[in-house]
Amino acid sequence: MTREKVKDAPEIIAMPQNVRFERDADRIATVWFDVQGKSVNAVSSAVMAELDAVVRELEADPPVGVIFASEKPGTFIVGGDLFEIWNADEAGLDAFLARGQQVFDRIAALGVTTVAALSGDTLGGGYELALACRHRIVADVPHSRIGLPETAIGIIPGWGGTLRLPRLVGIEAGLKLLVTGKTLGPQEALQLGMVDEVVPPDRLLDEARRRVLDPKPRPTTMHPAAEEDATACAESCDRSRAETRARSGDHLPAPLRIVDVVEISYREGLAAGADAERRVLIELLRGDAGRNLLRFFFLRSGGKKAAAQRAGGRPRDVKRAAVIGGGTMGAGIALALARTGMDVQVIEADEAASAAASARIAATDGGKKPLVTTDWSTVAMADFIVEAVVESLPVKLDVFRRLDDVVRQDAVLASNTSSLGIAAIAAATRHPERVIGLHFFNPVAKMPLVEVVRAKQSSADAVATGVAIAARAGKIPVVVNDAPGFVVNRVLFPYLREAAAVFDEGAAVDDVDAAVRGWGMPMGPFALLDEIGLDTSLFIFESLAAALGGRFATPPSVARAVACGWLGRKSGRGFYDHPQDGRPTPNSEWPLASGGRVRFPPTDIADRLLKPMMEEARLVLADGVVESADALDLASVLGIGFPAFRGGLATFAGLAESPDRYSSKRPPKEHS
Ligand code: NAI
């Protein structure tokens with residue numbers, strides 16, 4: 001969107017850096033956001049000060065109406081400046097929040113028609129500004145998100161969102177949105193009443209002007225009729241708290257505290273609600289969970305950049321990719337790559353395997369489809385090749401030898417191996433410097449992490465290409481060294497082994513799983529072992545034990561299960577029975593040790609399982625397998641589901657650097 005779209009050669013009233021303000025011949029004011037030096041608009045205290053000044057001018061000389069819009073392509077406003085929020089002291093944060101609340105209240109009280117013309121992502125403080133306007137018109141921009149996602153990063157909205165949203169869409173829908181932090185696309189937002197109208201992008205400003213000039217103005221957002229009675233509100237709040245506890249226990253304070261704020265605002269009024277909103281946000285940021293979750297948000301959003309820096313080289317431009325092996329992983333990887341717009345060929349061993357791979361790929365909908373073939377000559381065209389054949393060194397060596405004969409000299413080759421050394425695989429080629437590991441997780445479509453493995457001889461450009469490919473595929477890359485188990489399996493398997501030890505002492509699988517879930521893991525260790533497959537787990541235990549010693553020795557229960565043909569979910573039975581329909585139940589044929597179920601206190605179980613994982617984390621960092629505690633935190637949360645509210649594995653184990661470093665990530669101030 002550009003300023004030129006405002007009709008009748010607008011008169012520029014003020015030209016500060018981030019918030020522009022102009023009036024046209026119809027005396028309609030348009031307030032433009034364009035935060036300098038950034039690709040998106042985030043509201044810092046400097047931006048808020050500019051907006052405050054603009055609102056003062058609007059109050060002094062009221063226009064016919066006001067339109068709020070963004071000059072950034074693809075985004076309206078993505079929220080408050082989180083780095084500023086992170087770094088502020090308590091008094092500074094309270095002042096930042098209070099000023100935002102006051103400015104938005106004054107916008108709501110302007111007494112002229114106000115229209116938020118939303119184009120692209122409208123999140124957090126951006127949507128709070130829209131809520132303070134009388135009307136919200138949205139451009140139908142694909143993939144754009146609207147809403148208040150704060151609870152997902154451990155905090156709550158602080159500029160009146162908790163007060164205005166439930167009063168706009170109703171308390172039930174409002175609580176649901178606030179508690180979950182769910183954001184919606186334009187059409188869904190329209191259905192819920194979060195916005196009034198969805199229009200084609202090129203009509204946005206004309207429709208906004210039409211709204212301003214409409215002789216029959218619609219009611220404002222904060223009309224008293226929308227106040228629901230305090231009893232009904234209390235019931236909704238109790239229900240919301242119960243649902244939240246059932247979903248995530250008491251670990252996540254933000255979703256529970258946001259309900260308190262809503263309740264206060266209905267019981268004691270908007271001013272009390274506004275005070276509670278600020279107070280709770282400050283409290284959350286002082287607590288461990290809130291700080292950990294916000295820090296994790298920084299780690300995750302900076303993950304691609306950090307990995308690119310760690311790689312050091314220049315990524316190769318990849319237009320064509322080939323995937324060798326179209327099994328569980330190969331098919332998933334091929335689809336993920338095809339979705340980026342690359343041409344993707346999948347090479348399979350024979351016609352029968354090709355048919356199976358084609359069926360796997362065809363089962364998912366949408367996007368460009370990878371082509372499956374047995375013809376290796378097509379690989380000669382590829383810029384990037386990922387191998388995902390069975391986990392066997394001789395088979396992989398054979399594949400890399402063949403690749404070496406056919407690929408272009410500048411192609412980058414990657415293996416998706418989860419337990420073999422990349423250097424050993426690369427040794428089959430004449431140019432081992434172009435070979436890396438690219439370890440996707442199962443299921444590829446869902447798992448956000450990719451370990452990009454740098455072997456000793458891997459060139460920086462090859463590693464950078466792996467990082468770029470993973471990022472293009474929508475994943476978070478973490479660069480790791482070529483060490484047994486890389487990072488994720490290396491810290492995971494000692495924990496799984498300890499779970500098996502507790503089981504061998506007589507604990508029931510569901511007790512162990514429940515204890516660990518209660519601690520915050522998304523899934524218990526036995527459910528996870530059954531998902532990975534007990535044969536695959538046995539193989540990983542054996543290869544890690546061979547490389548790293550007895551602390552990875554295969555647990556007897558895993559070996560026994562594999563000998564019985566109990567391979568986990570894929571065979572219908574493992575530590576659990578997996579009926580076709582219905583929930584898994586503990587394997588009924590597995591006799592309990594010592595003649596009965598031994599009950600361990602859940603906290604003891606969690607402590608026991610986490611201890612070897614933390615010890616391995618220390619070794620992984622000491623060995624330099626992963627660059628930093630930050631990278632380990634990221635990998636553990638995204639690869640294992642280690643709870644982000646506990647900071648990630650390295651932080652939990654006391655191995656993290658001082659979080660104050662985030663101040664150095666803050667870009668230099670470019671505005672006055
Ligand atoms: P899979 O057994 O499902 O698929 C292997 C595919 O490779 C089969 O379709 C087979 O026909 C094909 N293949 C075998 N030899 C070939 C050859 N010479 N040329 C072309 N195609 C050939 O195996 P999966 O589970 O997909 O694993 C593949 C790789 O990914 C392994 O290295 C494994 O360790 C790794 N991995 C597996 C994960 C998992 O959870 N399944 C997770 C992460 C990595």
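Pro 443 sits in the loop between strand 19 and strand 20, and the bond that joins Asn 442 to Pro 443 is a cis peptide, with omega at about -5°. Keep in mind that this is a predicted model. The domain assignment splits the protein chain into domain 1 (3-286), domain 2 (316-481) and domain 3 (488-624). Here's a tour, starting with the backbone and ending at the ligand.

**Backbone oddities**
- Most peptide bonds are trans, and most residues other than glycine have a negative phi.
- Besides the cis bond between Asn 442 and Pro 443, take a look at Arg 27, which has a positive phi of about 65° although it isn't a glycine.
- You'll find Arg 27 in the loop between strand 2 (19-23) and strand 3 (28-33).

**Domain layout**
- Domain 1 covers 3-286 and domain 3 covers 488-624; the C-alpha centres of domain 1 and domain 3 are 47 Å apart.

**The sheet of 8 strands**
- This open sheet has mixed pairing, and its strands come in the order 16-15-14-17-18-19-20-21.
- Strand 16 (371-373) and strand 21 (476-481) are the edges; each has a single partner strand, so one side of each goes without a neighbour in the sheet.
- On average, neighbouring strands here are turned by 25° against each other, ignoring direction.
- Strands of a sheet pair through backbone hydrogen bonds, either parallel or antiparallel.
- Strand 20 (residues 449-454) and strand 21 run parallel, joined by 6 bridges.
- If you want a spot to look at, Val 450 stands opposite Pro 477 in strand 21.
- Helix 16 (residues 393-406) packs on this sheet and touches strand 14 (320-324), strand 17 (384-387), strand 18 (412-415) and strand 19 (435-440).
- The direction of helix 16 makes about 170° with that of strand 18.

**The sheet of 4 strands**
- Another open sheet runs in the order 6-9-11-12, again with mixed pairing.
- Its edge strands are strand 6 (75-77) and strand 12 (183-184), and each of them pairs on one side only.
- Strand 11 (residues 146-147) and strand 12 run antiparallel, with 2 bridges between them.
- Gly 147 has Thr 183 in strand 12 as its bridge partner.
- Helix 4 (residues 125-132) lies across strand 6, strand 9 (121-123) and strand 11, at about 85° to strand 9.

**Around the ligand**
- There are 22 residues around the ligand, and the ones that come nearest are Met 329, Glu 348, Glu 391, Lys 396 and Ser 418.
- Lys 396 uses its side chain: an N or O atom there is 2.6 Å from an oxygen atom of the ligand.
- Thr 328 comes in with its backbone instead, placing an N or O atom 3.0 Å from a ligand oxygen.
- Gly 327 also has a backbone N or O atom facing a ligand oxygen, at 3.4 Å.
- On its own the ligand has 830 Å² of accessible area, and the protein covers 76% of that.
- Helix 14 (328-338), helix 16 and strand 19 each give at least two residues to the shell around the ligand. Helix 16 and strand 19 should sound familiar: they touch each other in the packing on the sheet of 8 strands.

How values were computed:
Residues numbered from 1 in each chain as written. Predicted model: local features only at pLDDT ≥ 70, side-chain atom pairs only at ≥ 80, totals over all residues. Heavy atoms only, no water. Pairing = 2+ DSSP bridges. Axes fitted to C-alpha atoms, helices over the stretch in contact; angles between N-to-C directions. Contact = heavy atoms within 4.5 Å. Domains from an automatic or database assignment. Near = heavy atom within 4 Å. Polar contact = N/O pair within 3.5 Å; in protein donor to acceptor, adjacent residues only side chain to side chain. Areas by Shrake-Rupley, 256 points an atom, 1.4 Å probe, with all protein chains shown as cover.
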